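Trainee: I would like to learn how to read a model with bound ligands. Could you take me through one?

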Amino acid sequence: MQILVTGGAGYIASHTALALLERGHVPVLLDNFVNSKPAVLDRIAALAGTRPVLLRGDVRDGAFVEQALREHRIDAVIHFAALKAVGESVAKPLDYYDNNIHGTLALLGAMRRAGVKTLVFSSSATVYSADQPMPLREDGALGAVNPYGRTKLMVENILADVAAADPSVSFTSLRYFNPVGAHPSGTMGEDPRGIPNNLMPFVAQVAVGRLPRLRVFGNDYPTPDGTGMRDYIHVCDLAEGHVAAIDHGHGKAGSHVFNLGTGTGSSVLDVVKAFGQACGKDLPYEVVPRRAGDVAACWADPAYAEKVLGWRATRTMQTMCEDAWRWQSANPNGYPD
Ligand code: NAD
Ligand code: UFG
């Protein structure tokens, strides 16, 4: 299939583009580079032996997207393009609603005009309401607590409404848990701008000496070691989940939702320890108060994705840390400009 990948130069999309190529699909990447760099294309090309088409533009530009869908005879779309920083979404909600909601509406309009019926959407575990028993199942209670999370929940609702009104479309929302790690080659990985918000990229920058020490946000949670627990999933497992979702969803009308996680929770200190083993040194950290808005624990029940998509995550925390370290140590400043 010819697959339009919005936000195609980003962290998860670039690994997914590679997985699509390995599966024999043809990804066409679209990005405005608000949070990525064109250099990632060289890395995909070196690994895949072929260079995907990259269209520079904005997913909110419906006419541009429609032209891309027609010109490249697109069969299906994977919609990654979004802003994703929770704290920034609280400070700049309009930017988030504009990019994430308006972007999706413009894309859906372009797909309708061009007759493209299959969409896979990047949703998030953040759509689940807090304080539910773990693991989280797809039919658990929903309720986002910040503007970023609300954009994801709103888009899921929009997709369900459109699919209910038009029985010819196939929309799949994938609720990612905590994507981490990098391609095992060490040539592709996560390249956050400025000081990372998320745990694994922060730890990686401590390991490489860019940051002095990790701040552990709280060790008084009701978890075995008191630190927050999350379901970290290797980005290559996640990428393969997208291929499975596209292969499953194409031609199957309706709206579908899947968790993409491992089903296992790891604590902050588990991650620090595993990363320390991967990089061969003890990583300095200090415990500071809890971060506002954090939950104690969050992990997936991935059984439905395994049953329906035939997909499950296979890579361990040790592999996630080793691959993240290979990427970080070979590219301490991320991708070149
Ligand atoms: P990322 O920032 O690396 O990728 C997003 C890409 O979209 C970037 O390349 C950015 O330049 C592009 N983009 C943003 N707005 C655009 C627009 N209007 N037009 C064209 N391109 C645009 O982020 P990521 O971690 O790879 O996340 C990808 C998707 O997965 C996002 O939708 C994100 O919300 C979702 N998600 C991420 C996580 C996570 O922890 N990384 C967790 C759950 C869900
Ligand atoms: N943590 C620290 N120190 C840090 C960063 C994080 O101790 O410097 C802790 C957090 O308190 C939490 C854990 O590490 O216990 C993971 O934090 P992340 O920021 O890496 O991930 P979150 O689970 O908080 O958030 C991620 C994405 C969100 C998404 C959410 C649910 O960043 O976009 O998962 O999918 F909404």
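Mentor: We will go through two ligand sites, two helices and one strand residue. Keep in mind that this is a predicted model.

Trainee: Which residues are closest to ligand 1, and how many surround it?

Mentor: Begin with the shell, then look at individual atom pairs. Ligand 1 is surrounded by 27 residues, and the closest are Asp31, Asn35, Ser36, Lys84 and Tyr148. By class, this shell holds twelve nonpolar, ten polar and five charged residues.

Trainee: Which side chains place polar atoms by the nitrogen atoms of ligand 1?

Mentor: Asn32 has a polar side-chain atom 3.2 Å from a nitrogen atom of ligand 1, and a side-chain N or O atom of Asp58 lies 3.0 Å from a nitrogen atom of the ligand. On the oxygen side, a polar side-chain atom of Lys84 is 2.8 Å from an oxygen atom of ligand 1. Taken alone, ligand 1 has 820 Å² of accessible area, and the protein covers 95% of that.

Trainee: Which element gives the largest share of the shell around ligand 1?

Mentor: Strand S5 does, with three residues. Helix H1 (11-22), strand S5 (118-124) and helix H6 (147-165) each contribute at least two.

Trainee: How does ligand 2 read by the same steps? Which residues are closest to it?

Mentor: Its shell has 22 residues, the closest being Asn198, Leu199, Arg215, Arg230 and Asp294. Eleven of the shell residues are nonpolar, six polar and five charged. Strand S8 (residues 214-217) gives the most, with four residues.

Trainee: Where do side chain and backbone come in?

Mentor: Check which part of the residue supplies each atom. For Asn198, a polar side-chain atom lies 2.6 Å from an oxygen atom of ligand 2. For Arg215, a backbone N or O atom is 2.7 Å from a nitrogen atom of ligand 2. Phe217 also uses its backbone, with a polar atom 2.9 Å from an oxygen atom of the ligand. The protein covers 88% of the 690 Å² that ligand 2 has accessible on its own.

Trainee: Now the helices. Why do buried positions recur at intervals along a helix?

Mentor: An α-helix has 3.6 residues a turn, so residues three or four places apart point the same way. In helix H3 (residues 62-71), the buried residues are Gly62, Phe64, Val65, Glu66, Ala68 and Leu69. Their cover includes strands S1 (2-6), S2 (26-31), S3 (53-56) and S4 (76-79), and helix H5 (93-114). After H3 comes Arg73, with a positive phi near 45 degrees.

Trainee: What span should helix H9 have?

Mentor: At 1.5 Å a residue, the twelve residues of H9 (residues 268-279) should span 16 Å; the end C-alpha atoms are 17 Å apart, which agrees. The buried residues of H9 include Val268, Val271, Val272 and Phe275. Among the elements that the buried residues of H9 pack against are helix H7 (199-207), S8, S13 and helix H11 (317-330). Gly280 follows H9, and its phi is positive, near 75 degrees.

Trainee: Is Val287 in strand S13 buried or partly exposed?

Mentor: Val287 lies in S13 (residues 285-288). It is partly exposed, with a relative accessible area of 41%.

Trainee: Which residues does Val287 contact beyond its sequence neighbours?

Mentor: Outside four places in sequence, Val287 is in contact with Val216, Gly218 and Asn219. Val287 and Arg215 are 72 residues apart in sequence, yet 5.8 Å apart from C-alpha to C-alpha.

Key:
Residues are numbered from 1 along each chain as its sequence is written. Chains are lettered from A and ligands numbered from 1 in the order in which they are written. This is a predicted model: local features need pLDDT of at least 70, side-chain atom pairs count only at pLDDT 80 or more; totals for chains, interfaces and linings use all residues. Side-chain values use heavy atoms; hydrogens and water are left out. Buried means under 20% relative accessible area, exposed over 50%, partly exposed in between (1.4 Å probe, protein chains only). Contact means heavy atoms within 4.5 Å. A residue is near a molecule or strand if one of its heavy atoms lies within 4 Å of it. A polar contact is a pair of N or O atoms within 3.5 Å; within protein, one must be able to donate a hydrogen and the other to accept it, and residues adjacent in sequence count only if both atoms are side-chain atoms. Accessible areas come from the Shrake-Rupley method with a 1.4 Å probe; for residues, only the protein chains shown count as cover. Ala, Val, Leu, Ile, Met, Phe, Trp, Tyr, Cys and Pro count as nonpolar, Asp, Glu, Lys and Arg as charged, and the others, Gly among them, as polar. The expected span of a helix is 1.5 Å times one less than its number of residues.
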